[in-house]
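Hi,

Here is the model I promised to pass on. Please have a look at it first, and then read my notes underneath.

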Amino acid sequence: SAEQVQGADRGMRVPDDADRDFTAGCIVVNDRDEVLLVNHSKLGMWLQPGGHVEEREVPSETALRETREETGWKVEIFDEFVPETSYQDVTEDVPTPFRMNLHRIEDGHFHLESLFLASPVEKVEATGADEHDGVGWFAESELDGLETPENLRSAVSEALKIGERTQ
């Protein structure tokens with residue numbers, strides 16, 4: 001059972017008989033304050049690029065890889081979330097997500113997602129373009145007209161505020 005910690009009064013939990021996958025994605029913000037989204041085929045909604053953390057990957061690597069594969073954009077995580085510390089090749093601090101969320105995919109299956117804040121670097125080939133029905137850049141004001149989860153709209157709003165501070 002889950003330890004009682006800060007936020008423990010929240011309603012969502014991974015039930016004892018359920019499985020949980022680790023996933024990671026990027027909220028990519030450009031210099032026009034637009035966010036990069038993909039139209040997710042299976043779920044029928046616009047989401048940030050992302051996917052499952054593969055064996056031997058840390059979540060930030062997953063987020064960067066999935067964003068490149070799905071959108072054709074090579075991106076980089078905002079500097080303020082990238083510590084430059086390693087300790088004699090014994091341990092290393094890895095990029096920190098700016099937000100994490102737990103969501104139910106279906107009964108008995110959950111994803112724990114690390115979301116990284118990133119900016120576009122260059123356009124490359126989208127090798128995973130078959131995983132969705134389109135890619136687009138959207139202003140925050142356009143999100144209400146799209147099928148997007150509420151927590152994504154909240155994350156985008158927070159990301160744009162952070163982006164303004166760092167530009």
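Below are my notes on the core, helix α1, the salt bridges and two backbone angles.

This is a predicted model, so local features need pLDDT of at least 70 and side-chain atom pairs count only at pLDDT 80 or more, while totals for chains, interfaces and linings use all residues. Residues are numbered from 1 along each chain as its sequence is written, and side-chain values use heavy atoms, with hydrogens and water left out.

Let me start with the core. The largest nonpolar core (buried Ala, Val, Leu, Ile, Met, Phe, Trp, Tyr and Cys residues joined through side-chain atoms within 4.5 Å) has 28 residues, and I27, L37, F98 and L117 touch the most other members. At least two core residues come from each of β1 (19-28), β2 (34-40), β5 (73-77), β9 (109-123) and α2 (150-166); α2 gives the most, with six. Helices (H or I, at least four residues) and strands (E, at least two) are DSSP runs, numbered from the N terminus. Buried means under 20% relative accessible area, exposed over 50%, and partly exposed in between (1.4 Å probe, protein chains only).

Next comes α1 (59-71). This helix has 13 residues and reaches 18 Å from its first C-alpha to its last, close to the 18 Å expected at 1.5 Å a residue (that is, 1.5 Å times one less than the number of residues). S60, T62, A63, R65, E66, T67, E70 and T71 are buried in α1, and the buried residues of this helix pack against β1, β2, β4, β5, β9 and β10 (132-139), with contact meaning heavy atoms within 4.5 Å. G72, with a positive phi near 80°, follows α1.

On to charges. I count eight salt bridges (a side-chain nitrogen of Lys or Arg within 4 Å of a carboxyl oxygen of Asp or Glu). R65 pairs with E57 at 2.6 Å and with E66 at 3.2 Å. E57 is buried at 18% relative accessible area, and R65 is buried at 11%. E54, E57, R65, E66 and E69 are linked in a network of salt bridges. Elsewhere, E158 and R99 meet at 2.5 Å, N to O; this pair joins α2 to β8 (residues 99-106), 59 residues apart in the chain.

Finally, two angles to check. D33, in the loop between β1 and β2, has a positive phi of about 60° although it is not a glycine. R56 also has a positive phi, near 75°, and this residue is exposed at 76%.

Best wishes
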